[in-house]
Amino acid sequence: MADETWVEQEAVRLFGAHQIAGTWSFRFDRATTRLGQCDHRTQSISVSRYLTEKATADEVTQVLLHEIAHALAGPRAAHGPKWRAIAREIGYEGGRTHTVEPAHDRAKWVGECPSGHEIVRFRRPGKPVSCAKCDRSFNTSYLISWRART
C-alpha cells in the first residue's frame, strides 16, 4: 500500500528523471475508477488519492510512468506507436497498470436486480439498465431498481 508522501516523492523523482519537472505538475485527485490521468491542457499528471491507498508501490510507479509517457508523447499520441515506444523506453512494462478495485464504497447509487444482484454506480443511470449477470443483453425482465446510498 502506497502512502501519499511516498507517492509525491516518487512523482518528483520520475518527473526529474524524465525531464518534465518544472513544466508539468503533480497532484492527487478524487477519482474512484481510474488510478492516473495526464492532462495536456493543464500540463498536470494526477493520481487518485483513494486508489493509491490500495495500490502497491510498483503499481503506482507503473501508473506514473504510463502518464509520463503520455506527457512526453503529446496530446494526439493516445496509446499509438509513438506513445508505446516512449513508454517502453522510460521503463513502463505495459499491460494493465494496476489491479486495484474501484472505490465502490464511495459510489452514491446502489441498484438491485430482481434476482438480488447488487450493482453500484458513481452517477445515477440516465436510462433503464438491466442486470448483465442475469442476461448479457438488455432484458426488461432484469431491470435494476436504484436507490441513493445514504
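These exercises deal with the helices, the nonpolar core and some loop residues of a predicted model.

Residues are numbered from 1 along each chain as its sequence is written, and side-chain values use heavy atoms, with hydrogens and water left out. Because the model is predicted, local features need pLDDT of at least 70 and side-chain atom pairs count only at pLDDT 80 or more, while totals for chains, interfaces and linings use all residues.

**Exercise 1. The core**

Task: State how many residues the largest nonpolar core has, and find which elements give two or more residues to this core.

Solution:
- Step 1. A nonpolar core is a set of buried Ala, Val, Leu, Ile, Met, Phe, Trp, Tyr and Cys residues joined through side-chain atoms within 4.5 Å. Buried means under 20% relative accessible area, exposed means over 50%, and partly exposed lies in between (1.4 Å probe, protein chains only).
- Step 2. The largest such core has 28 residues. Those with the most contacts inside it are Phe15, Ile20, Trp24, Ile45, Leu64, Ile68 and Trp83.
- Step 3. Two or more residues come from each of helix H1 (4-17), strand S3 (44-48), helix H3 (57-73) and helix H4 (81-90). Helices (H or I, at least four residues) and strands (E, at least two) are DSSP runs, numbered from the N terminus.
- Step 4. H3 gives the most to this core, with eight residues.
- Step 5. In soluble globular proteins, nonpolar side chains tend to be buried together.

**Exercise 2. One core residue**

Task: List what Ile45 touches, leaving out residues up to four places away in sequence.

Solution:
- Step 1. Contact means heavy atoms within 4.5 Å.
- Step 2. With that cut-off, Ile45 touches Phe15, Ile20, Trp24, Ser25, Phe26, Arg27, Gln37, Cys38, Leu64, Glu67, Ile68 and Ala71.

**Exercise 3. H1 against H3**

Task: Describe how H1 and H3 cross, and sort the residues of their contact by class.

Solution:
- Step 1. Axes are lines fitted to C-alpha atoms, for helices over the stretch in contact, and angles run from 0 to 180 degrees between N-to-C directions. The axes of H1 and H3 come within 10 Å and cross at roughly 40 degrees.
- Step 2. This angle makes H1 oblique to H3. Angles under 35 degrees count as roughly parallel, over 145 as roughly antiparallel, 65 to 115 as roughly perpendicular and the rest as oblique.
- Step 3. The crossing of H1 and H3 is right-handed. A crossing is left-handed if the near helix is turned anticlockwise from the far one by less than a right angle, and right-handed if clockwise.
- Step 4. On the H1 side are Trp6, Val7, Glu10, Ala11, Leu14 and Phe15, which meet Ala57, Val60, Thr61, Leu64, Leu65 and Ile68 in H3.
- Step 5. By class, this contact of H1 with H3 has 10 nonpolar, one polar and one charged residues. Ala, Val, Leu, Ile, Met, Phe, Trp, Tyr, Cys and Pro count as nonpolar, Asp, Glu, Lys and Arg as charged, and the others, Gly among them, as polar.

**Exercise 4. H3 against H4**

Task: Do the same for H3 and H4.

Solution:
- Step 1. The axes of H3 and H4 come within 9 Å and cross at roughly 130 degrees, and the two helices are therefore oblique to each other.
- Step 2. H3 passes H4 in a right-handed crossing.
- Step 3. H3 takes part through Leu65, His66, Ile68, Ala69, His70, Leu72 and Ala73, and H4 through Lys82, Trp83, Ile86, Ala87 and Ile90.
- Step 4. These residues divide into nine nonpolar, two polar and one charged.

**Exercise 5. The loop after H1**

Task: Decide whether His18 is buried or exposed, and do the same for Gln19.

Solution:
- Step 1. His18 lies in the loop between H1 and S1. With a relative accessible area of 18%, His18 is buried.
- Step 2. Not counting residues up to four places away in sequence, His18 touches Leu65, Ile68, Leu72 and Ile90.
- Step 3. Gln19 is in the loop between H1 and strand S1 (25-29). Gln19 counts as exposed, at 71% relative accessibility.
- Step 4. Gln19 has a positive phi of about 55 degrees although it is not a glycine.
- Step 5. The C-alpha atoms of Gln19 and Ile68 are separated by 9.8 Å, and the two residues are 49 residues apart along the chain.
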